[in-house]
Number of protein chains: 2
Amino acid sequence: MDVFGHNGKILRVDLSRRTFEEEQVPEILYRRYLGGGALSLYYLLKELKPKGDPLGPENLLIFAASAVTGTPALGFSRYTVAAKSPLTGGFGEAEAGGWWGPELKFAGFDAILIKGKAEKPVYLWIKDGKAELRDASHLWGQLAAETHAMIRKELGDDRIRIALIGPGGEKLVRFACISNELKHFNGRVGLGAVMGSKNLKAIAVRGEKKMPLFAPEKTRAVVKEVLEAYKKNPGTMGELGTARAVMALNAGGILPTRNFVSGSFDKAEAICGETMRDTILVNRGTCYACPIRCKREVKVDDPYKVDPLYGGPEYETIVALGSLCGIGDLKAIAMGNQICGAYGIDTISTGTTIAFAMECFEKRIITTKDTGGIKLEFGNAEAMLQMVEKIGKREGFGNLLAEGVKIAAEKLGKGAENYALHVKGQPLPMHEPRGKTGLGLAYALSPTGADHLEAPHDPTFASEAGLKCILPLGIIEPLSALDLSSKKVRMFTYLQNFYNMFNSIGLCIFTAVPFGPLPPNALVDYVNAATGWETSLWELMKVGERHSNMARIFNLREGFTAKDDTLPKRFTDVEQIPGNKKSKVPLSKMMPKYYHLRGWDSYGVPTKRILKKLDLEDVVKT
Amino acid sequence: MDVFGHNGKILRVDLSRRTFEEEQVPEILYRRYLGGGALSLYYLLKELKPKGDPLGPENLLIFAASAVTGTPALGFSRYTVAAKSPLTGGFGEAEAGGWWGPELKFAGFDAILIKGKAEKPVYLWIKDGKAELRDASHLWGQLAAETHAMIRKELGDDRIRIALIGPGGEKLVRFACISNELKHFNGRVGLGAVMGSKNLKAIAVRGEKKMPLFAPEKTRAVVKEVLEAYKKNPGTMGELGTARAVMALNAGGILPTRNFVSGSFDKAEAICGETMRDTILVNRGTCYACPIRCKREVKVDDPYKVDPLYGGPEYETIVALGSLCGIGDLKAIAMGNQICGAYGIDTISTGTTIAFAMECFEKRIITTKDTGGIKLEFGNAEAMLQMVEKIGKREGFGNLLAEGVKIAAEKLGKGAENYALHVKGQPLPMHEPRGKTGLGLAYALSPTGADHLEAPHDPTFASEAGLKCILPLGIIEPLSALDLSSKKVRMFTYLQNFYNMFNSIGLCIFTAVPFGPLPPNALVDYVNAATGWETSLWELMKVGERHSNMARIFNLREGFTAKDDTLPKRFTDVEQIPGNKKSKVPLSKMMPKYYHLRGWDSYGVPTKRILKKLDLEDVVKT
């Protein structure tokens, strides 16, 4: 093989021993795993012993960009953080866009593998191929923005990119996140707590290296074509951000409202993308090399002070802190978003956990005695904001909620479990799985617990127009959102491979079709032009298939079984549209079909055959 | 779906009722099957009842081009003839290049489905979308060249393309072939006999229709790029033809010699490509749109009259009628080739069947009493030529050999079976499977019996250079020709899908890498530009996978079992290099791995799961 032209290098950090090690990664690993999620799984399966404490020094925390991160195409800005999750006890993976991933590459590394625990708070500083651990005692306890500013100041460089945790991560909130540039989040599964458990406050990166391109002209040609396609048909993502979906979902009766009791919210208009644009939006942000600029930057002066420094709420946040809590106040949501950002806690899990508590409050499972006097009622914005901060600080009732809905519900008892809407411990994101059979599968089967970036939402692909974008996968016929045939399960499986590949190559779904301008075949062309590989969609899809199988093996090692591939009863047993039985998720019918399609046995265990087929037989040996 | 821009039309012919029917083929079938082998299997499985007589009127004879046949790229000249094989009793498929396939498309049809039997000899004449059956009583019994000339003359058009049979097909020689333009052969599995059994002497086609291209400029750009690559690195295929391989194989000890008893032939130089070029070659022929011109045209005046009209011997023919019979006389081989062409019998099966008889003669299982006085000794060129003609005429001992080695050996008894080197009734082609584990699998597993176009020969892909060409399949590591790991079986399986896809889209392996200039990704680009599909290698590979599964189902219906996935004992039990146990084909070790990889059960039966995955559940219902 030719030597792959990029860094081809990972950095190993042992925080306990304060040592660094550089490792050359054979090109074959890049080809098999690309980077991100799949490459992280490779190292986790090889090097992390099962059944360890996710918040113990033994956990292996990985930051991984991909083979093409930092090359000039739009959309490849994302990097993965992975470890054993303190929220689920299983595989933990979260991607973030922004600027940190490309900068890591410019600094000379494709990935960082971190083990051990620093004796006292530190941060990691990587510049132009050199790494050092620096004292972070003065940063410990600081909010995100302050931390960010202090590090930039003391390193004397405003172009440093910083991935960091807030007090939430320090205090091991089980859904603490990691942010970069304050606005981009490795949001889910509590990887901020893993950082906190290691006394690692931040990773600052800076480098001057330019990514070599195998065929610069061809690379530019693909980018140009994609940009031109975007200009011709820009859609509304740039103008309205992810919140563009609010009104349509509400009209369809599938806007998660009051802890998923309803799908319609009477104040939807007050919190939608159009309203944000017309009121609190002051700027549009973006990620490395991306012209779409879907990120929001909002400013509120009254009754709260919301600073554009923390960006603005995404769709997920608007719904989680908004309609899911029965709150129709965009300013309060923006404030909640800022508190989450400052404390470094995942907005989806935070909102869902509060909505859970609100339903418990409504059902009188908890009262103001439990909440420290807060009237945790649906629609009470002030109560929501207080709870967000209390979670970030692990204060009072917030200390219980910081354990996540699953543990909190178990501790509360009295039937609270019925209102804890999670899969494998991770709360559902803001998409209603009832009436969308593929999404139900996605939630139930995601190795990281309920996740909306595990596979696309079926309605998009239920139309010929939506489907056209993924024709290269051989999915030729549109399938209704309610379809539960083998064909639907197959479409889901293929799209799950596809999205897992995105999460390995670090590609944003909003730049890829059908949400953005980059079609699958242009993706292949781009990878070939950038790397000099002669790859194909056939080979790239196998990366996604590897990812699924490796994540499955990771969870099986940790004790998960097929019984964990499920959804809260609210989604399988309660009709979303009363009187319409079809609007329950028919999970039991679809699951065996999925296992069969994956080449897993009836217990959901990958067979030796499929592992050999994917070159994983050595990787999964324990 | 957009309506596919080509013909999208098949012609159904009922010879018994003398009726025609046109049928519009839904575009989804083209996408799933492309054409050729896979499309033929679709119709055979749907419409041919199992266990019928392959030489009875019930057999369904299919001529099928593909979605892109007749478009301007090099290499897409091939069309498939398929039916139940009278040689194997299983799936019969044979491809031929030349000009007939494109002309069928120009005449308005993508495929012809023929059933029934004409009362008396007829030929089919298709011009510009119109079909008629014409009397062929005067053509019956005529050799190929005479038939060809007479049809052209009576239809008054020298640009007519004709697929026809010779007396071999009329007399139901079980390995009779079909030729077009006298030089291109649907050689194997006896489809000429199926034509003969239907009293169908020929199919003449002519049309003025031009194939519409979805994106003409992009189509031309791909063609241009491929042609430029070819000009830069033309290799030796044009200069030496397929016979270029003779000397290298002989040097490697794997040139099939004296019925595979040896792999070295002392007269190899006398029959090699270089010698042909320097002696009897008078011209180089080619197929539609192909600049490679690998076809030979040879002329001999003495001691035989060999006319360039019949082209010249390919590698397979040179070895089958040459070294395999111990014959080192190129002129005799050229004469044998001409007789085979004139009588319309497959040169590979003819040569192998004669070599079998020669070994029987050597072992005194037969004597001159059986052969009508012919001394059937290895090396006896005159005896070989006499036997070729006798087979074509089904005369004397030739009448027995015309049944094929399997039946002939059974009838002879006395251990003759040990020298009948066939799989599923079809004799081995001229590549030594011992010491090439992948080729052993290819022969044993080919649904049409031993076939050298079922998957490529592993030594090509055992080098990094050879492998580079198929990198898009994700086969990254070269594997030795002797490798028998799961990886080798996987490589074989992928390449089998790949080649089955070629046989469905009508692509010649000598234009595709590593033998020619067309790489897999350019193939994808070309198909997209020509058809307007947004397909990918992922989807195209599935066509090949469908082909394998459908052919398997066809054979299972006919009574074949896993026991038929085998090789003659000579290859599994006898060392090719004496003393080297590795030089036997380790079939029993590899077969279960193959079934597993295919998603077949341990009896080699495709599981419901894999059939659903490939959208075949309705197709294979019987």
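1. A salt bridge is taken here as a side-chain nitrogen of Lys or Arg within 4 Å of a carboxyl oxygen of Asp or Glu. The model is a predicted one, in which local features need pLDDT of at least 70 and side-chain atom pairs count only at pLDDT 80 or more, while totals for chains, interfaces and linings use all residues. Residues are numbered from 1 along each chain as its sequence is written, chains are lettered from A in the order in which they are written, and side-chain values use heavy atoms, with hydrogens and water left out.

2. Over all chains the structure holds 70 salt bridges, and one of them joins B:Glu23 to B:Arg12 at 2.5 Å, N to O. Because B:Glu23 lies in strand E2 (residues 19-24) of chain B and B:Arg12 in strand E1 (residues 9-14) of chain B, the pair ties together parts that are 11 residues apart in sequence. Helices (H or I, at least four residues) and strands (E, at least two) are DSSP runs, numbered from the N terminus.

3. A second pair in chain B is B:Glu359 with B:Arg570, whose closest N and O atoms are 2.7 Å apart. B:Glu359 belongs to helix H13 (residues 347-362) of chain B and B:Arg570 to helix H24 of chain B, so this salt bridge ties together parts that are 211 residues apart in sequence. Both B:Glu359 and B:Arg570 are buried, where buried means under 20% relative accessible area, exposed over 50%, and partly exposed in between (1.4 Å probe, protein chains only).

4. Helix H25 (residues 587-598) of chain B deserves a look as well, since its buried residues are B:Leu587, B:Met590, B:Met591, B:Tyr594, B:Tyr595, B:Leu597 and B:Arg598. They cover an arc of only 160° around the axis, which puts them on the same side of H25(B); the arc is that of the directions from the helix axis to the C-beta atoms. The face turned away from that buried side carries the exposed residues B:Ser588 and B:Lys589, and H25(B) is followed by B:Gly599, whose phi is positive, near 80°.

5. Between the two chains, about 3400 Å² is buried, 53% of it on carbon and sulfur atoms; buried area is the accessible area (1.4 Å probe) that two parts lose on being put together, summed over both. The contact (heavy atoms within 4.5 Å) takes 36 residues from chain B and 36 residues from chain A. Across this interface there are 4 salt bridges, and B:Asp615 meets A:Lys487 in a salt bridge at 3.7 Å, N to O. A network of salt bridges also links A:Arg32, A:Asp615, B:Lys487 and B:Arg490.
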